[in-house]
Amino acid sequence: MAWKLNSSKPIYLQLIGILKSQIVSGQYAPGEKLKSVRDLAAEAGVNPNTMQKALAGLEDEGLIYTNRTSGRYVTEDEDILQQIRSENAGGLILDFLKSMQNMGFTKDDIFQLLEHHMNTQIHSVSLNQEED
Amino acid sequence: MEPLVRCNHLTKYYGRFPALNDVSFLINPGRIVGLLGPNGSGKTTLIKIMNSLVTPTSGEILIQGEKPDVRSKARISYLPDKLFFNEFMTVDELMAYYEDFYVDFDGDRAFELFKDLHIDTSSRIKSLSKGTQEKVQLIMIMSREAKLYILDEPIGGVDPAARDYILNTIISNYNPEASIILSTHLISDIERILDDCMFLKNGRLILYNSAEALRQERGMSIDEIFREVFRC
């Protein structure tokens, strides 16, 4: 099944985002070999040149490295992985705060709501995550 | 890099009607190019000139530096928009025929693809459904090691599930030194596999750019851009 992509934005940026979250969520272990460009492109349902561009982007960021003879591997550098996790978390939180502010919630409201939900719904939140 | 296709001021008149009007472009090896345009925009005329089925009124098109002629059929694998097989042949006979006719035909590859799509190669082409006939054609065309694949409406009559399989077949079976020119109306289904988009309007090439650059510039999908450019 092809990956979920939005055709109105550059595809390679979306591929970078998806691959990043696959890596930091542990679908690829540190040091694991990635599939070939062609296989990844077929899996995502995209053009191999586009996948190539996305992988080059990840390589620039140090998230993967190329061994000239044997292919591409996920970095074993925990610092980089942690940095990407923080970036992703930062992005999620920023989106959340923006939406909350658009609905008119103040800083105090948001804190209170967060605390309330974390205390009472922690159980269902973890259940939802498992379903994902 | 030496371009695979070089088109210089190509013009074709049918009587007084200009089907193609001063069209120029280059295609490099390793690209998947979408040839997009409404009915009557000149797509099929351009494709026929590349396959030496129509002669241009003026201008020229060169494939690997040579004008299309009988010999270029050895380098170009062409899927016309109509069924062109002898319907009384079985798929097996067809494969043997291709094996004889094209030195670059890879029978094992074709056989694997038929197996994946559960097409019984002992059946007569006439007995297959329209969609299955189209799949057979496309498999035969993509099982050659050509330099240029020209696909005129390759997925029109095929159901959406098989479409995905066929697009994957296109992605994973072509050689990175080769290019594919693909004409279609089903833009949203194929735009993710395109490198470049060519928009033809009334016989003129009005837009030729990489798909990613177009998305970035306009914040729209190729399908949305098409609908905007060709709004009736």
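**Two pockets and a helix pair**

In this predicted model, the largest pocket holds about 370 Å³ of space. Its lining is made up of 17 residues, and those closest to the pocket centre are Ala2(A), Asp164(B), Leu167(B), Asp189(B) and Arg192(B). Three helices each supply at least two lining residues: H2 (37-44) of chain A, and H5 (160-173) and H6 (187-190) of chain B. H5(B) gives the most to this lining, with seven residues. By residue class, the lining of the largest pocket comprises nine nonpolar, three polar and five charged residues.

The second largest pocket offers about 250 Å³ of space. Here, too, the lining can be followed residue by residue: of the 17 that line the second largest pocket, Asn51(B), Lys73(B), Ile76(B), Tyr78(B) and Tyr102(B) are the closest to its centre. Strand S5 of chain B (residues 76-79) provides the largest share of this lining, three residues. The lining of the second largest pocket divides into 10 nonpolar, four polar and three charged residues.

Attention now turns to a pair of packed helices. In chain B, helix H2 (residues 91-101) packs against helix H3 (residues 107-116) at an angle of about 155°, and the two axes lie 10 Å apart. Because angles over 145 degrees count as roughly antiparallel, H2(B) is roughly antiparallel to H3(B). The crossing of H2(B) past H3(B) is right-handed. On the H2(B) side, the contact is made by Val91(B), Met95(B) and Glu99(B), while H3(B) brings Gly107(B), Ala110(B), Phe111(B) and Phe114(B). Taken by class, the residues of this contact are five nonpolar, one polar and one charged.

Conventions
Residues numbered from 1 in each chain as written. Chains lettered and ligands numbered in written order. Predicted model: local features only at pLDDT ≥ 70, side-chain atom pairs only at ≥ 80, totals over all residues. Heavy atoms only, no water. 1 Å grid on protein atoms, 1.4 Å probe; cavity = no way out; pocket = protein on both sides within 12 Å on 5 of 7 lines; lining within 4 Å. Points joined across faces, edges and corners; volume = space filled by probe spheres on them. Helix = DSSP H or I, 4+ residues; strand = E, 2+ residues; numbered from the N terminus. Nonpolar A, V, L, I, M, F, W, Y, C, P; charged D, E, K, R; others polar. Axes fitted to C-alpha atoms, helices over the stretch in contact; angles between N-to-C directions. Parallel < 35°, antiparallel > 145°, perpendicular 65-115°, else oblique. Left-handed = near helix turned anticlockwise from the far one by under 90°. Contact = heavy atoms within 4.5 Å.
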